[in-house]
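Me: I'd like a close look at the aromatic rings here, and at whatever surrounds them. Please go slowly and tell me which cut-offs you use.

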Amino acid sequence: MITKPLLLLAFAAGLRAATAIDADVIVVAATPSGIAAAINAARNGATVALFESTHHIGGMTSSGMANTDFKSFESVQGAFREFMNGVVAYYTRKYGPASQQVKDCYHGAWYEPSVAQAVFEGMLAAERRIRVFRHHRLLSLVKIPGSAKGQSTIHSTTFQDTRTGQTLDATAKVFIDATYEGDLMAMAGARFTVGRESSRQYGERLAGVIYQLDGRILPGSTGEGDRRVQCYNFRLCLTRDPANRLPISRPVGYRRREFLPLLDYIRRGVIKSVDEGVVRFRPLPNLKADVNDLMTSPFSLRLTGVNHEWPEGDASTRERISSRYRLYSLSLFYFLQNDREVPEALRAEARRWGLPRDEFAETAHFPPLLYVREARRMVGGFVFTEQMTQPTLDSVRAPVQADSIAVADYSLDCHGEQAPTMYHPGVTEGKFASPTVPFQIPYRVMLPREVDNLLVPVAVSASHVGYSAIRMEPTFAALGQAAGVAAAMAVSKRTTVLRVPVAELQQRLWRAKAITVYFSDVLPGSPDFARVQRFGTLGYFHHVVDRDRVTWSRPKPLGTGQWTEAHPHHAAGLNETAGEELAERWERMSGIKPLDPNLTRGQLLRQIEEKRR
């Protein structure tokens with residue numbers, strides 16, 4: 001007997017005959033998430049077509065965001081750690097293992113944009129099952145009835161070559177939307193939202209209209225939702241190497257009056273320097289820097305209020321907004337370097353920097369991509385919220401997600417929506433920063449309710465506040481890795497992405513050195529790695545630490561960048577004696593009795609595992 005899903009696959013196979021490209025999996029956007037998805041789908045036996053609307057490979061990671069956003073190194077494994085290892089290997093081959101460049105790349109977490117792109121290009125080229133199509137913009141798609149009531153199946157997509165205008169039809173069994181904006185997801189009819197929820201919707205502290213200063217929520221914070229989007233900016237790559245430095249000329253359209261408020265902050269002593277006063281410089285190899293918006297500055301690279309049309313905007317709308325940010329970024333540095341009312345010390349500091357001659361040749365040495373921190377967010381059957389980044393009432397760990405396919409370690413972090421007003425001078429409305437603990441991300445955040453062969457690893461199902469901690473490239477890469485593996489499994493098992501067996505998906509991820517739960521002491525390469533990941537993902541370590549007997553503290557800084565030591569109280573402690581309380585808890589969880597409390601935690605896990613076989 002042929003089941004309904006098989007009939008649909010047979011029907012789709014008949015329709016595919018006339019298309020130009022036919023793959024098992026189509027990935028839209030060569031972001032780190034899209035690259036990780038394509039590579040891992042291919043490694044799991046699928047043929048893949050990866051479509052990118054620009055010439056650029058690597059998304060923001062190779063477009064200036066060269067200071068990688070995560071907290072502890074233990075949290076970054078799998079796909080993004082493979083990329084970081086590639087960065088170290090690149091600098092080692094080119095300059096030698098004892099070179100300053102290898103030292104400056106700091107375990108692969110700092111890199112020049114061109115190096116990031118070269119590493120990504122090499123990773124893709126090594127997979128023979130992947131075909132990459134640059135300059136191909138998504139135009140339309142065709143859907144057919146899906147495998148369940150109310151769902152549909154994407155049958156094919158049409159892309160346009162932005163250089164020639166020619167169109168290309170592409171058919172696949174599974175589609176992955178790795179765009180920052182959720183373009184394929186929206187086109188497929190999946191439900192999504194733009195902007196901020198109210199604090200009432202999910203009970204989040206930081207939701208809606210909010211004024212925060214030094215961790216305090218100020219009067220005027222109504223918590224009301226709106227359609228405003230977290231501000232964007234370019235992540236500039238600048239150099240202080242005179243031999244490589246290009247001057248920042250007066251840009252066409254420069255408006256000095258736009259920067260006069262900056263003079264007032266300087267005169268009042270609010271801003272005393274360029275670095276850590278106006279913007280934040282993070283050092284890169286070869287005398288370059290990643291230059292970012294400085295959240296604590298009242299006047300920086302961010303522009304509020306001009307990007308709200310971006311998420312649902314067409315290509316021309318996005319180009320207009322991107323051009324506005326580009327002009328603003330260049331104008332800010334031109335002003336700091338040349339305006340006579342800027343103190344000479346600040347002008348001299350700013351004049352040390354210029355555009356790098358050896359980066360971004362196709363876009364006049366300026367980064368090609370605007371940093372889109374947030375756009376559309378899918379609304380699936382499960383919505384990731386602020387609470388899922390915080391310790392539970394009875395643990396030092398974040399809530400257990402049994403279907404976890406990724407781990408993130410970053411703070412709740414929003415650069416704001418509205419410019420400061422007289423009510424709260426110097427405070428950008430919507431800006432917040434709040435600590436988290438390492439948290440799990442469930443498979444469900446990538447699954448739309450309306451489409452049965454689509455995975456969304458970037459514009460995931462999350463609230464505005466929850467998304468603010470997810471929205472980092474290492475996390476997107478981890479989600480992309482899981483999406484790629486899940487897509488290949490759906491193809492090989494002839495099922496939908498909704499019915500992929502998550503336990504097997506997790507096992508494949510562990511074999512690929514990805515993590516689904518955070519531990520500070522059992523990492524890939526350990527003989528206990530998969531076992532600890534399996535039991536930890538199920539919550540076995542959620543209560544090994546009594547939160548009433550420990551003092552919470554932030555992880556200690558490493559002394560370089562934003563990174564920290566491993567999170568306290570998140571060790572597996574396999575060599576520690578289990579004790580009666582933990583042995584009894586694991587008996588209840590496993591259904592296996594008796595467990596000897598005098599054994600170590602590691603011995604008990606092995607015993608449970610053996611008795612389950």
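Reply: A good place to begin is the group of Tyr-254, Phe-259, Phe-299, Tyr-328, Tyr-334 and Phe-335, which form one aromatic cluster. Before going on, please note that this is a predicted model, in which local features need pLDDT of at least 70 and side-chain atom pairs count only at pLDDT 80 or more, while totals for chains, interfaces and linings use all residues. Residues are numbered from 1 along each chain as its sequence is written, and side-chain values use heavy atoms, with hydrogens and water left out.

Across the structure there are 31 aromatic pairs (Phe, Tyr or Trp rings, six-membered for Trp, with centres within 6.5 Å; stacked under 30 degrees between planes, edge-to-face over 60, otherwise tilted). One of them joins Phe-234 and Phe-366: the ring centres are 4.8 Å apart and the planes meet at 70°, so this pair is edge-to-face. Its two partners come from distant parts of the chain, 132 residues apart. Phe-234 belongs to the loop between strand E11 (216-217) and E12, and Phe-366 to the loop between strand E16 (355-356) and strand E17 (377-378) (strands are DSSP E runs of at least two residues, numbered from the N terminus). Phe-234 and Phe-366 are both buried (under 20% relative accessible area with a 1.4 Å probe, protein chains only).

Phe-535 and Tyr-540 make another edge-to-face pair, with 4.9 Å from centre to centre and 75° between the planes. Here, too, Phe-535 and Tyr-540 are buried.

Some rings have a charge for company. Arg-376 lies over the face of Phe-192, 5.3 Å from the ring centre (the rule asks for Lys NZ or Arg CZ within 6 Å of the centre and within 35 degrees of the ring normal). Likewise, Arg-397 places its charged end over the ring of Phe-519, at 4.7 Å from the centre.

Finally, let's return to the loop of Phe-234, which lies between E11 and E12, and follow the chain into the sheet. E12 takes part in an open sheet of 3 strands, ordered E12-E15-E14 with antiparallel pairing (two strands pair if DSSP finds at least two bridges between them). Strand E12 (236-239) and strand E14 (279-284) are the edges, each pairing on one side only. Between E12 and strand E15 (residues 288-293), which run antiparallel, there are 4 bridges. If you would like a residue to click on, Thr-239 stands opposite Lys-288 in E15.

Definitions and conventions. Buried < 20%, exposed > 50% of the residue type's maximum accessible area, 1.4 Å probe, protein only.
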